[in-house]
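Subject: Structure for your review

Dear colleague,

Please find below the structure that I am handing over to you. I would be grateful if you could keep it open while reading the notes that follow.

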Amino acid sequence: MSRAERPDIDEYFLKIALVVAERSTCLRHHVGAVSVRDKHILTTGYNGAAAGLKDCLELGCLRDELGIESGTRHEICRAIHAEQNVIIQAALHGVSLVGATIYCTHSPCILCAKMLVNARIARFVTCGMYSEESFRDMFEEAGIEFALLPAPPVVIGLLP
């Protein structure tokens, strides 16, 4: 990328979500999310065990051990989803997500979609689809804009 090829705002925040995903402790999916309003980051989240508890990197994946298919039986998992962590971080720090855009590496599961509807976000932008698409009707009914964009290049332009 040359200096003249500046990423647009959606690509910029999707790239940040990809970096956030690097903190994931899930063995199946590394998911990162960033909440944004007025081009300012509000909170970030990635999927992993609750703070201070052992995670899948240490204990192994319970879902794999039990042969549970992706997109099902969400309750049998040590991880809190990235979108859930975005909401939790907002609550912990007294930040409203009303009208925010969520940039996430994957589309939401139905549980996260319900939470995002109640958080009153305005827009959800992703570059990857999760194994279920049941969120679409809910987002449409709630008036949440959904955008599936191409994965942004992860190459960082170097200054000459």
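Which residues are linked in a network of salt bridges? The network consists of Asp 10, Arg 123 and Glu 145. Please bear in mind that the model is predicted.

Some background may help first. Side chains with opposite charges can form pairs when their charged atoms come close. In the whole structure, the search finds 4 salt bridges.

Within the network, Arg 123 and Asp 10 are joined through their side chains, with an N to O distance of 2.9 Å. This salt bridge connects distant parts of the chain, since Arg 123 belongs to strand S6 (residues 123–126) and Asp 10 to helix H1 (residues 9–21), 113 residues apart. Both Arg 123 and Asp 10 are buried.

Arg 123 also forms a salt bridge with Glu 145, and here the closest N and O atoms are 3.2 Å apart. Again distant parts of the chain are linked: Glu 145 lies in strand S7 (residues 145–148) and Arg 123 in strand S6, 22 residues apart. Are Arg 123 and Glu 145 buried or partly exposed? Arg 123 counts as buried because its relative accessibility is 17%, and buried means under 20%. Glu 145 has a relative accessibility of 43%, so Glu 145 counts as partly exposed.

Another salt bridge is found between Lys 15 and Glu 11, whose closest N and O atoms are 3.9 Å apart. These two residues are 4 residues apart in helix H1, which means that about one helical turn separates them. Glu 11 counts as partly exposed because its relative accessibility is 21%.

I turn next to helix H4. Helix H4 spans residues 82–92, and its buried residues are Ala 82, Glu 83, Gln 84, Asn 85, Val 86, Ile 87 and Ala 90. The buried residues of H4 pack against several elements, including strand S1 (32–37), strand S2 (40–46), strand S5 (101–104) and helix H5 (110–119). Strand S6, where Arg 123 is located, is also one of the elements against which they pack. Just after H4, Gly 94 adopts a positive phi of about 65°.

Finally, please look at the segment after S7, where Ala 151 is found. Ala 151 counts as exposed because its relative accessibility is 56%. Although Ala 151 and Tyr 12 are 139 residues apart along the chain, their C-alpha atoms are separated by 11 Å.

Yours sincerely,
A colleague

Notes. Residues are numbered from 1 along each chain as its sequence is written. This is a predicted model: local features need pLDDT of at least 70, side-chain atom pairs count only at pLDDT 80 or more; totals for chains, interfaces and linings use all residues. Side-chain values use heavy atoms; hydrogens and water are left out. Buried means under 20% relative accessible area, exposed over 50%, partly exposed in between (1.4 Å probe, protein chains only). Contact means heavy atoms within 4.5 Å.
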